[in-house]
Amino acid sequence: MAAKAAREDGVRSTPERGRRGCEHYDRGCLLKAQQTCEDCSTLFGEYYCSICHLFDKDKKQYHCENCGICRIGPKEDFFHCLKCNLCLAMNLRGKHKCIENVSRQNCPICLEDIHTSRVVAHVLPCGHLLHRTCYEEMLKEGYRCPLCMHSALDMTRYWRQLDNEVAQTPMPSEYQNVTVDILCNDCNGRSTVQFHILGMKCKICDSYNTAQAGGRRVPVDQQ
């Protein structure tokens, strides 16, 4: 009985100690989150974060103070980019374009949160973020960032292939001297090039990721 009384005294509120918890908490127990039970040493989780109060299996997790949450590691494989405000793989340190607080934007493919997602974020060359799984699905349909239309991967090899296809596909005589103004989605440059149905190549960066920025111009002698 004495042990029971002592136990109850240790967990229940008394007028001297004051109420524990909010007014809706009837038991008045003193709650303390921790990895193991103090009485029987039962392990509640292989990983426990005393800040997030997260219990989980061991996945090499670590708590990032700047992100404000726990992330799947191992920690030494990641660094926190202060401008992007996100933990990124070490191989991206100094090799990615930063956009301030870009992780606070939703994924433009699935419209779900990126910052707290368990799915790894993929950093595009333009600096925008997609879920890795969304990025892989996007490549099945296209190659451009859904936000800024910049190429989402290195397209150099494909551009050279397109050079050969353009060279082997002459336009009909009435189009051979037609020029058009284009805007490049990769370098944002403008140039005037010969019109071709397969694609129009930027004169500045050699990209075919371009869009027509004006009407076609036909030489006077062909009008």
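**Helix H3 contacts, overall fold and the largest pocket**

In this predicted model, the side chains of Asp163 and Lys201 form a polar contact at 3.3 Å, where a polar contact denotes a pair of N or O atoms within 3.5 Å; within protein, one atom must be able to donate a hydrogen and the other to accept it, and residues adjacent in sequence count only if both atoms are side-chain atoms. A polar contact of 2.7 Å also links the side chain of Asp163 to that of Tyr208. Asp163 belongs to helix H3, which spans residues 156–167, and, with residues up to four places away in sequence not counted, Asp163 touches Lys201 and Tyr208, contact being defined as heavy atoms within 4.5 Å. Residues are numbered from 1 along each chain as its sequence is written, and side-chain values use heavy atoms, with hydrogens and water left out. Since the model is predicted, local features need pLDDT of at least 70 and side-chain atom pairs count only at pLDDT 80 or more, whereas totals for chains, interfaces and linings use all residues.

The protein chain contains three helices and eleven strands, assigned as DSSP runs (helices, H or I, of at least four residues; strands, E, of at least two) and numbered from the N terminus. Read from the N terminus, the order of these elements is α-β-β-β-β-β-β-β-β-α-α-β-β-β. Of the 223 residues in the chain, 31% are buried, with buried taken as under 20% relative accessible area, exposed as over 50% and partly exposed as in between (1.4 Å probe, protein chains only). Among contacts with a separation of 6 or more, 30% involve residues 24 or more positions apart. The accessible surface amounts to about 14800 Å², 51% of which belongs to carbon and sulfur atoms, as computed by the Shrake-Rupley method with a 1.4 Å probe.

The largest pocket encloses about 610 Å³ of space. It is lined by 26 residues, of which Arg71, Ile72, Ser117, Arg118 and Val120 are the closest to its centre. A pocket is here an open set of points on a 1 Å grid over the protein atoms alone, where a 1.4 Å probe fits and protein lies on both sides within 12 Å along at least five of seven lines, and lining residues have an atom within 4 Å of a point. Strands S2 (54–56), S3 (61–64), S4 (69–72), S6 (86–89) and S7 (121–123) each contribute at least two residues to this lining, which comprises 16 nonpolar, six polar and four charged residues.

Several backbone features fall in loops. Gly73 and Pro74 are joined by a cis peptide bond with omega of about 10°, and Pro74 is placed in the loop between S4 and strand S5 (78–81). Most residues other than glycine have a negative phi, and most peptide bonds are trans. In the loop between S6 and S7, which holds Asn101, this non-glycine residue has a positive phi of about 55°; Asn101 counts as partly exposed because its relative accessibility is 35%. Leu111, also located in the loop between S6 and S7, has a positive phi near 65°, and its relative accessibility of 61% is why Leu111 counts as exposed.

The loop between S6 and S7 further includes Lys97, which, leaving aside neighbours within four places in sequence, is in contact with Cys84, Pro125, Cys126 and Gly127. The C-alpha atoms of Lys97 and His128 are separated by 8.4 Å, although these residues are 31 residues apart along the chain.

Note on methods:
Grid points are joined across faces, edges and corners, and a volume is the space filled by probe spheres set on the points. Ala, Val, Leu, Ile, Met, Phe, Trp, Tyr, Cys and Pro count as nonpolar, Asp, Glu, Lys and Arg as charged, and the others, Gly among them, as polar.
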